[in-house]
Number of protein chains: 2
Amino acid sequence: MQILQEKIRRYGQVIDNRIIKVDSFLNHQLDIELFNEMGKEFKKRFKDKKITKILTLESSGIAIACITAQYFHVPVIFAKKHEAANLALHTYQAEVYSFTKGKTYKIRVAGEYLQIQDRILIIDDFLAHGQAVNGLLEIAEQAGAEVVGIGIVIEKGFQKGREKIKRADLQLESLAIIEAIQDGKIIFK
Amino acid sequence: MQILQEKIRRYGQVIDNRIIKVDSFLNHQLDIELFNEMGKEFKKRFKDKKITKILTLESSGIAIACITAQYFHVPVIFAKKHEAANLALHTYQAEVYSFTKGKTYKIRVAGEYLQIQDRILIIDDFLAHGQAVNGLLEIAEQAGAEVVGIGIVIEKGFQKGREKIKRADLQLESLAIIEAIQDGKIIFK
């Protein structure tokens, strides 16, 4: 997606040739007009998938999932990452390792919000090592729901998350793919 | 707001005559069509305020802030609540006490996203004791930005948050106000 690449190139800050900080439009300040363009693009790429729900992860997946959901006319469910008082008795859960934070955390979805007849689109802001997506896949599997696609805003191709995703058969669409970072410069695929 | 009251009455779960759990449409599964109605309503109530940014708090404020922002054509900034790697050197911060969790946490916004010329609408899902709104007000004040309104989805009137808000002069709009919970029954104002 051209306008997304331009935003990343213009406003993305590279840290340690590994982390791309896009707080000015994606992860702290949210550029809602851009999000709408991304939502339309996801709709175009997954239009025949008969999606019934969008599944994402708090906090940074919520915004893009919500704007995108408007184009599919479906609800969003976000997996809870932080201790939630009074979640539910029956939950689906998975463990996710964060390379950025160097620790494992649990993600959870209350049992009542995913059904066996659901056709799920997973949406997330970044694909790095594939940990978060794999956690969400596990949760959908526990619910017996079918995941029909994965939509990512920025894929860090050099971290090989795509190859680590448990379901190689799934349609995985990234709106921008970063192939490499060399001397602080971002190279797109 | 009639349709919101109906949703709360139909799907809200009351815990200990004090907590209203609305996970099925507001805090875990997100009813995006309802969010759009709420966004339109906020626009109607704050239409002459010349708002330049919406400020909210992760995680549960993000979704409603983003959908609402579409009607104002402004970006959203969400205060970070959880440890964020690489946030920024210069941040505005405030301490917020959570009655639900019984502890104080820090909320932070990177310095570069709030300016002195900004006219801010604060959006949040719940108003209970007013702690989160006061924290956001403090952050805006540190930035020298003007808060011109506060938009809340559900106000728990019986917890008197409205009276505890530091800026009694501000326009505060709640889409549903719960006056009391009696024997598990929700009574709206």
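# Two-chain predicted model: symmetry, interface and a shared sheet

Chain A can be laid on chain B with an RMSD of 0.0 Å by a turn of 180 degrees and a shift of 0.0 Å along the axis, and that is the relation of a two-fold axis. The same surface serves both copies, since 100% of the contact residues of chain A recur in chain B. The model is a predicted one, and the points below take up the interface, the helix pair within it and the sheet that draws on both chains.

**Interface between the chains**

- Across the interface, 29 residues of chain A are in contact with 29 residues of chain B.
- On the side of chain A that touches chain B, the elements giving two or more residues are strand 2 (19-21), strand 3 (29-30), helix 4 and strand 5 (76-79) of chain A, and the largest share, 6 residues, comes from helix 4 of chain A.
- Sorted by class, this side of chain A has 16 nonpolar, 7 polar and 6 charged residues.

**Helix 4 against helix 4**

- Helix 4 (residues 62-72) of chain A packs with helix 4 (residues 62-72) of chain B at an angle of about 50 degrees, their axes being 9 Å apart.
- An angle that is neither under 35 degrees, nor over 145, nor from 65 to 115 counts as oblique, and helix 4 of chain A and helix 4 of chain B are therefore oblique to each other; their crossing is right-handed.
- Helix 4 of chain A makes the contact through I62(A), A63(A), C66(A) and I67(A), and helix 4 of chain B through I62(B), A63(B), C66(B) and I67(B); by class these residues divide into 8 nonpolar, no polar and no charged.

**A sheet with strands from both chains**

- An open sheet of mixed pairing is formed by 7 strands in the order 3(A)-5(B)-4(B)-8(B)-9(B)-10(B)-11(B).
- Strand 3 of chain A and strand 11 (185-188) of chain B stand at the edges, each with a single partner strand, so one side of each is left without a neighbour in the sheet.
- The pairing between chains joins strand 3 of chain A to strand 5 (residues 76-79) of chain B in the antiparallel sense over 2 bridges, with L30(A) standing opposite V76(B).
- Within chain B, strand 9 (residues 146-156) and strand 10 (residues 172-182) run parallel and are joined by 6 bridges, and E155(B) stands opposite I177(B) in strand 10.
- Helix 5 (residues 131-143) of chain B lies across strand 4 (53-57), strand 5, strand 8 (119-127) and strand 9 of chain B, and runs at about 165 degrees to strand 8 of chain B.

How values were computed. Residues are numbered from 1 along each chain as its sequence is written. Chains are lettered from A and ligands numbered from 1 in the order in which they are written. This is a predicted model: local features need pLDDT of at least 70, side-chain atom pairs count only at pLDDT 80 or more; totals for chains, interfaces and linings use all residues. Axes are lines fitted to C-alpha atoms, for helices over the stretch in contact, and angles run from 0 to 180 degrees between N-to-C directions. Helices (H or I, at least four residues) and strands (E, at least two) are DSSP runs, numbered from the N terminus. A crossing is left-handed if the near helix is turned anticlockwise from the far one by less than a right angle, and right-handed if clockwise. Two residues are in contact if their C-beta atoms, placed from the backbone, lie within 7 Å. Ala, Val, Leu, Ile, Met, Phe, Trp, Tyr, Cys and Pro count as nonpolar, Asp, Glu, Lys and Arg as charged, and the others, Gly among them, as polar. Copies are superposed by least squares on the C-alpha atoms of residues with pLDDT of at least 70 in both. Two strands pair if DSSP finds at least two bridges between them.
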